Amino acid sequence: MTGPSLLPTVRPRTTIRAGRRTRGAATEAVIEGVEVSTDHWIGGQRAGSPEAFPDVSPIDGAVIAEVARGGSAEVDSAVRAARDASAVWGSTKPSERAAVLHRIADGVEANVERLAAVETRDNGSLLRSMRRSVMPRVARNFRFFADHLLELDGRREHEGFSERISWGPSGVAAVVTPWNAPLMLATWRFAPALAAGNTVVLKPPEWAPLTASVFADIAREAGLPDGAFNVVQGIGEEAGAALVAHPDVDRIAFTGSVATGRLVAAAAGANLTPVSLELGGKSPFVAFADADLDAAVRQAVYQYDNAGQVCLAGTRLLVEERVYDVFLERFLEAAGALRQGDPREEVTDVGPQITREHFERVDGFVRRAKADGAKAILGGGPNEELGGLYYRPTLFVDPPPGSEILTQEVFGPVLTLQRFSGEDQAVELANATDYGLAAIVYTGDPDRAARVSERLIAGTVWVNCFFVRDLAAPFGGARNSGIGREGGTWSFDFHADVKNVCIAPWGKE
Ligand code: NAD
């Protein structure tokens, strides 16, 4: 492991409410050699809870930590700490805020190995991806919004009047995020909040809660004031629900499933708290006959990345009739070469599912798809050799139109393949879900790319590429895939209190 030790000298455990003694419970776990606090982080202090929940590694089913199980009392403390800190952080000069965010990015970069090791053990994602792309992106989230903050220019002229647009802090941001890339997704939501001068209460996912805790140490060492960033660990229905319903929260940034998104939106509605929802997907992957077929097949197989636990994944492969057979043949060859196993091994391409519950959910989709008449031409069940939570990359062909496997998000290594004839049918099939997060199109014809992209219902359309993320560009979902857009200006406009001061020409009032 590289990088300096970021662990705090273990401070005396803080009790959250008078009369609740938490001393004696475990406060730390050692994950792949990295010491990680399993407590909350509230107002710059570690804080415990009387109860804990087990954190199970998907790699081998081991309980790797007992994590503090927060509820409304802990959420209340964290929101109060964040509110207190917003006077300090919100009035910190933009240049100083940006400097702290850059130092956080430095700290993340210095600790990529530690963060990657903890995250992989915690959620079973490939270690090689964590090291090379995901954790470096965590750092970039901070650098980007630090720079964006300093580039804001709200000066305008309108019919002789001058306007001064400003992006002030809105107060306390509640951030609730999922487990499939927990730290990267969380920082994508709260880096802009911090840049805008807001303070943050993060509720990490209970299935992969640990890197949030490591991050808290990095942020403290980077000079983020106490209380500007808080972590309340816990279960979604407890800590998460208490946080999004808290009346003293000014923004809610939620990433997760559609079902939870509805609950979060309802809670936000009760307090009229602005909410941004990044939800699930069932994205189409459309390959036309004029495409570079090898490139399309390579990218199609990549949709099994993170064992299919990717919101953006193009899980519905739609291939033009004329090249369907050759596409399928090449796909099966390439997918057959994928290596499944321990995600810590450099050679592994496909790791485990996150939990037994999720594994059973994925398996339920596969069983019902078979019962509906879809044919599993690849995989179609658990990896019996490996056991545990390893599910075989699966491809269904000819699923009945409108069937569950074509319309509902599986969030596992399960793709479907359908054929189409011509642009109209491609677009009709591609748009045939209630989701609209992303779409992928492979074609050799720029005019077709433009025509089809315009007709696809999706927040992002990738043409002859996938997963290219410009942090300045808008990102988000159409239809049930979300509310709002994030990225650059869009994130800032959501988190900030945007104000326009309109000034008449002096001396002519
Ligand atoms: P989830 O909705 O079950 O949980 C997400 C978070 O919400 C977790 O932290 C959970 O503890 C919390 N939560 C659960 N119930 C809550 C409640 N009642 N109130 C407040 N918070 C609550 O989703 P998941 O299983 O963790 O993640 C998978 C889902 O996330 C998939 O649908 C995936 O597509 C989606 N996702 C979307 C994006 C995106 O950017 N659009 C990115 C990643 C994942």
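**Exercise 1.** In which sense do strand β14 and strand β15 pair, and over how many bridges?

*Solution.* Keep in mind that this is a predicted model. Start by locating the two strands: β14 covers residues 284-287 and β15 covers residues 316-320. Next, follow their pairing, which is parallel and spans 4 bridges. As a check on the register, look for Val286, which stands opposite Leu318 in β15.

**Exercise 2.** Place this pair in its sheet, and work out why β16 and β20 each have one side without a neighbour.

*Solution.* First, write down the strand order: β16-β17-β18-β15-β14-β19-β20, an open sheet of 7 strands with mixed pairing. Then go to the edges, where β16 (375-378) and β20 (460-463) each have a single partner strand, so one side of each lacks a neighbour in the sheet. Now add the twist, which averages 25° from one strand to the next. Finally, lay helix α11 (residues 356-372) across β16, β17 and β18; α11 runs at about 25° to β17.

**Exercise 3.** Describe the shell around the ligand: which helix gives the most residues to it?

*Solution.* Begin with the count: 29 residues surround the ligand, with Glu206, Ser257, Thr260, Leu279 and Glu409 the closest. Sort them by character to get 15 nonpolar, 9 polar and 5 charged. Then turn to the elements: α7 (236-244), β12 (251-255) and α8 (258-271) each supply at least two shell residues, and α7 gives the most, with 4.

**Exercise 4.** How far is an oxygen atom of the ligand from an N or O atom in the side chain of Thr260?

*Solution.* For backbone N or O atoms, Gly236 lies 3.4 Å from a ligand oxygen, and Ala241 lies 3.4 Å from a ligand nitrogen. For the Thr260 side chain, the distance to a ligand oxygen is 2.7 Å. To finish, consider the area: the ligand taken alone exposes 850 Å², and the protein buries 90% of that.

Notes: Residues numbered from 1 in each chain as written. Predicted model: local features only at pLDDT ≥ 70, side-chain atom pairs only at ≥ 80, totals over all residues. Heavy atoms only, no water. Near = heavy atom within 4 Å. Polar contact = N/O pair within 3.5 Å; in protein donor to acceptor, adjacent residues only side chain to side chain. Areas by Shrake-Rupley, 256 points an atom, 1.4 Å probe, with all protein chains shown as cover. Nonpolar A, V, L, I, M, F, W, Y, C, P; charged D, E, K, R; others polar. Pairing = 2+ DSSP bridges. Axes fitted to C-alpha atoms, helices over the stretch in contact; angles between N-to-C directions. Contact = heavy atoms within 4.5 Å.
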